[in-house]
Amino acid sequence: MTTSIAFKPLSYTLSDYRTYVWSICFIAGNILLPQLCHLIPDGGKMFLPIYFFTLIASYKFGLRVGLLTAFLSPIVNHLLFGMPTMAVLPVLLVKSSVLAVAGAWIAGRSKKISILHIAAVVLAYQTIGGVAEFFIMGSADKALQDFTLGFPGMLFQVVGGWALLRLLAAYEH
């Protein structure tokens, strides 16, 4: 089994209804998955679920769907459930936005789905987001938390993201 396949990343315009249909689907995923993970103590911190569907949205459907998902998922979750808290909402918005940009850029440049490409997206948003988190929160411990406690979530994003993107690519033909 090969770990890298060619695929066609999409990029819908803001006037295309599919931009909003796909964004709503991914936002719903980013609402449901965190709720499931929060059933486990520290599940949100360990599995980083609010980023998963932003990764899929941006990698497969481009920057617009990715950014809509990145901005609206944390805000809707906060309004509905109080999570993330207002104190960490800016950090999640920055990390999600960086994830959307990195996912769309790497997918558009490579036109491949591979573990390496998905890992590069996750590493990019976590590194850049971690620096931003350090400046926003003023804490190195908080900035490094996703690399320590959240490592299972990063691993899930890479492996699960790769698997789901491959599944979506199978329906391109």
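**A walk through the helices**

Helix 5, spanning residues 115-137, packs against helix 7, residues 151-170, at an angle of about 140 degrees, and their axes lie 9 Å apart. Helix 5 is therefore oblique to helix 7; the cut-off for roughly antiparallel is over 145 degrees. The crossing of this pair is right-handed. Please keep in mind, as we go along, that this is a predicted model.

Which residues bring the two helices together? On the helix 5 side they are Ile115, Ile118, Ala119, Val122, Tyr125 and Gln126, and they meet Met154, Gln157, Val158, Trp162 and Leu165 of helix 7. Sorted by class, this contact has 9 nonpolar and 2 polar residues, with no charged ones.

Let us now follow helix 7 to another partner. Helix 3, residues 52-81, crosses helix 7 at roughly 45 degrees, and the two axes come within 10 Å. That angle makes helix 3 oblique to helix 7, and the crossing is right-handed. From helix 3, the residues in this contact are Phe52, Phe53, Leu55, Ile56, Tyr59 and Lys60. Across from them, helix 7 contributes Phe156, Gln157, Gly160, Gly161, Leu164, Leu165 and Leu168. Here the classes divide into 9 nonpolar residues, 3 polar and 1 charged.

If you compare the two lists, you will find Gln157 and Leu165 of helix 7 meeting helix 5 and also meeting helix 3. These are handy residues to select when you want to view both contacts together.

Back in helix 5, two residues are worth a visit. Glu133 sits in this helix. Is Glu133 buried or exposed? Its relative accessible area is 10%, so Glu133 is buried. Beyond its neighbours up to four places away in sequence, Glu133 touches Val91, Lys95, Gly138, Lys142 and Ala143.

Met137 also belongs to helix 5. With a relative accessibility of 28%, Met137 counts as partly exposed. Setting aside residues within four places in sequence, its contacts are Ala87, Val88, Val91 and Lys142. Val91 and Lys142 therefore deserve a second look: Glu133 touches both, and Met137 is in contact with both as well, where contact means heavy atoms within 4.5 Å. Along the chain, Met137 and Pro90 are 47 residues apart, yet 9.6 Å separates their C-alpha atoms.

Our next stop is helix 4, residues 89-110, where you will find Ser96. Ser96 has a relative accessibility of 1% and counts as buried. What surrounds Ser96, once its neighbours within four places in sequence are left aside? The residues in contact with Ser96 are Tyr51, Thr54, Ala70 and Pro74. Of these, Ala70 and Pro74 fall within the range of helix 3, residues 52-81, as does Thr54.

We finish with the cysteines. The structure holds 0 disulfides. Cys25 is in none, and the nearest cysteine sulfur to its own, that of Cys37, is 19 Å away. Why does Cys37 form no bond with Cys25? Their sulfur atoms, 19 Å from each other, are too far apart for a bond, because a disulfide needs a pair of cysteine sulfur atoms within 2.5 Å. The surroundings of the two can be described as well: Cys25 is partly exposed, with a relative accessible area of 43%, while Cys37, at 12% relative accessibility, counts as buried.

Key: Residues numbered from 1 in each chain as written. Predicted model: local features only at pLDDT ≥ 70, side-chain atom pairs only at ≥ 80, totals over all residues. Heavy atoms only, no water. Axes fitted to C-alpha atoms, helices over the stretch in contact; angles between N-to-C directions. Helix = DSSP H or I, 4+ residues; strand = E, 2+ residues; numbered from the N terminus. Parallel < 35°, antiparallel > 145°, perpendicular 65-115°, else oblique. Left-handed = near helix turned anticlockwise from the far one by under 90°. Nonpolar A, V, L, I, M, F, W, Y, C, P; charged D, E, K, R; others polar. Buried < 20%, exposed > 50% of the residue type's maximum accessible area, 1.4 Å probe, protein only.
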